[in-house]
Structures are given as C-alpha cells and as structure tokens.
Amino acid sequence: MPGIDESFDFHPLSIAVLTVSDTRTPETDTSGGLLAERLTAAGHRLAGRALVRDDVPAIRAQVQAWVDDPGVDVILTTGGTGFAPRDVTPEAVKPLFRREMDGFSVVFHQASLGTVGLSTLQSRAFAGQAGDSFVFCLPGSTGACRDAWDLVLGLELDSRYRPCSLAGQIPRLREVCA
C-alpha cells in the first residue's frame, strides 16, 4: 500500500522556488509564498527564492544558476505555464532538461481535475531533470500550487514515501534512500 512509512528516516531536501510573473511582486507573490511555506512546514529547507519576469533568458538563467548549485536538490517554478502570449516557462526550461518526467504532468492533471475540473487543460505543467536537480514547473495560481504540493509533491519528495520516493534519486541520498 503506498504511503508514508514512519519507520524510515525523513531526509530534508533543499528546494528553491522561482515565481515567473510580469505582475507579481515579492509582497503579492502568494503562489511562491505558499510553496515556500508548505515545503518548510514539511521539514525541507528553502534553498532560494526568486521572482523573474515572463522572459525566456531570465527564467532560464535563474533555473540554470540553481541547477549549477550543488546545494539545490529540487527547483519549483510557479507561473508561465498557461497559453497567454507571455507564458514562456516551458520554452525557457525544457531545453535545460536531460530527462523529462512525463508522469508528473499526468498525475498533476489528475489531481487538478478533482479541484478545477476541465480547466486543468489550460495548464502546461511539466517536470524533468536538469543536471542532478529535479525541476517542477507549476501554474501560477495559488490553488494550482496547493494542489501540486498537497496532492503530489509533498508525498513524492518525502524520503519515507513507499514504495519509492524521488528523494532516493537525489545524488546525496542514493545510499540512504535506496
């Protein structure tokens, strides 16, 4: 039966949060704020937080900086995954991937279907691996970030999740989470 196995040790991850928006400020960034709050409440470490405009070079530069930082295990982005002309997060981030995580989009949309119905089709949420970092690109709405963390990422990033957790694929945890 899948779930958290309390007999295993919890290994906190270092997670960075990037908000992509032309309209939000650090004070009005509720989606990035929710992700930062959720990940720290779960016991993980906030490795960095930034806000960039909907601009391919700016998005790509920030994600690449965190990929190059050995202190960052996971990167969460919020915003820029829709179909508005300025939504360019997939175009900025996907070229950095060495592997795509196709299943994330499927599971995210299944979870989101239960909360927003067919409106989930308006999201191009995706994930993959750039270098040794895992990158999850989420919609910009606070509700979508809540769904992503509460229904998918909170479990998948918990090293105690069984039958297996993505934490076991983080290079520094491969031996302890195997």
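**Exercise 1.** Describe the lining of the largest pocket by residue class, and say which helices contribute to the lining.

*Solution.* The lining of the largest pocket divides into 4 nonpolar, 12 polar and 2 charged residues, where Ala, Val, Leu, Ile, Met, Phe, Trp, Tyr, Cys and Pro count as nonpolar, Asp, Glu, Lys and Arg as charged, and the others, Gly among them, as polar. The model is a predicted one, in which local features need pLDDT of at least 70 and side-chain atom pairs count only at pLDDT 80 or more, while totals for chains, interfaces and linings use all residues. Residues are numbered from 1 along each chain as its sequence is written, and side-chain values use heavy atoms, with hydrogens and water left out.

Next, consider the helices (DSSP runs of H or I, at least four residues, numbered from the N terminus, as are strands, which are runs of E of at least two). Both α4 (102–116) and α5 (142–156) supply at least two residues of this lining, and α4 gives the most, with 4 residues.

**Exercise 2.** Locate Leu-121 and decide whether Leu-121 is buried or exposed.

*Solution.* Leu-121 is found in the loop between α4 and β6 (126–130). The relative accessible area of Leu-121 is 62%, so Leu-121 is exposed, given that buried means under 20% relative accessible area, exposed over 50%, and partly exposed in between (1.4 Å probe, protein chains only).
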